[in-house]
Amino acid sequence: MEYDNKDRGVLYRNENKTSENHPEYSGSVNVNGADFWLSGWLKESKKDGKKFFSLSVRPKGDVKPVNKPAKVADIDDDIPF
């Protein structure tokens, strides 16, 4: 049986970083069946000094939205008061 990687991802330390702007971690993630490149930078909050990851995602190739946003129903403005 093949492993299901839907809605999963992975980050690896970027051993080939040649610039300060390059991500410290890189990998890929699958969301709703669509594949994306994932980049991560380890940062520190200026407010309280806590460390956190800043993330960026880019589509791999031609990615089309899987779920279209639902339409908002027309609102009846004739309120009887």
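**A four-stranded antiparallel sheet**

In this predicted model, strand 3 (residues 34-44) and strand 4 run antiparallel and are joined by nine bridges. One of the residue pairs linking these two strands can be named: Trp 41 has Ser 54 in strand 4 as its bridge partner. Strand 4 itself covers residues 51-59. The two strands form a hairpin, with six residues lying between them. Within that turn sits Gly 49, whose phi is positive at about 75°.

Stepping back to the whole chain, the protein has four strands and zero helices, and its elements follow one another from the N terminus as β-β-β-β. The four strands come together in an open sheet with the order 1-2-3-4, and the pairing is antiparallel. Strand 1 (9-13) and strand 4 take the edge positions; each has a single partner strand, so one side of each is left without a neighbour in the sheet. On average, neighbouring strands of the sheet are turned by 25° against each other, with direction ignored. At the other end of the order, strand 1 is joined to strand 2 (residues 25-31) by five bridges, and this pair too runs antiparallel. Here Tyr 12 finds its bridge partner in strand 2, namely Ser 26.

A look at Gly 40 helps to tie several parts of the chain together. This glycine belongs to strand 3 and is buried, its relative accessible area being 0%. That value lies below the cut-off of 20% for a buried residue. Which residues surround Gly 40, once its neighbours within four places in sequence are left aside? The contacts are Leu 11, Pro 23, Glu 24, Tyr 25, Ser 54 and Leu 55. Of these, Pro 23 is 17 residues away along the chain, yet the C-alpha atoms of Gly 40 and Pro 23 are separated by 5.5 Å. Ser 54, also in contact with Gly 40, is the residue already met as the bridge partner of Trp 41.

Glu 24, another contact of Gly 40, has a charged partner as well. Side chains of opposite charge can pair when their charged atoms come close. Glu 24 forms a salt bridge with Lys 17, and their closest N and O atoms are 3.8 Å apart. A search of the whole structure finds one salt bridge. How accessible are its two members? Glu 24 is partly exposed, at a relative accessible area of 25%, and Lys 17 is likewise partly exposed, at 29%.

Turning to the surface, the protein exposes about 7,700 Å², of which carbon and sulfur atoms supply 51%. A nonpolar patch of about 350 Å² is made by Leu 11, Leu 42, Phe 53 and Leu 55. Phe 53 lies in strand 4 and counts as partly exposed, with 44% relative accessibility. Two members of the patch, Leu 11 and Leu 55, are also among the contacts of the buried Gly 40.

Two overall values complete the description. Of the 81 residues in the protein, 14% are buried, Gly 40 being one of them. Among contacts between residues at least 6 apart in sequence, 22% join residues at least 24 apart.

How values were computed. Residues are numbered from 1 along each chain as its sequence is written. This is a predicted model: local features need pLDDT of at least 70, side-chain atom pairs count only at pLDDT 80 or more; totals for chains, interfaces and linings use all residues. Side-chain values use heavy atoms; hydrogens and water are left out. Buried means under 20% relative accessible area, exposed over 50%, partly exposed in between (1.4 Å probe, protein chains only). Contact means heavy atoms within 4.5 Å. Accessible areas come from the Shrake-Rupley method with a 1.4 Å probe; for residues, only the protein chains shown count as cover. Patches are made of residues with over 30% relative accessible area and no salt bridge: like charges are joined within 9 Å, nonpolar side chains (Val, Leu, Ile, Met, Phe, Trp, Tyr) within 5 Å. A salt bridge is a side-chain nitrogen of Lys or Arg within 4 Å of a carboxyl oxygen of Asp or Glu. Two strands pair if DSSP finds at least two bridges between them. Axes are lines fitted to C-alpha atoms, for helices over the stretch in contact, and angles run from 0 to 180 degrees between N-to-C directions.
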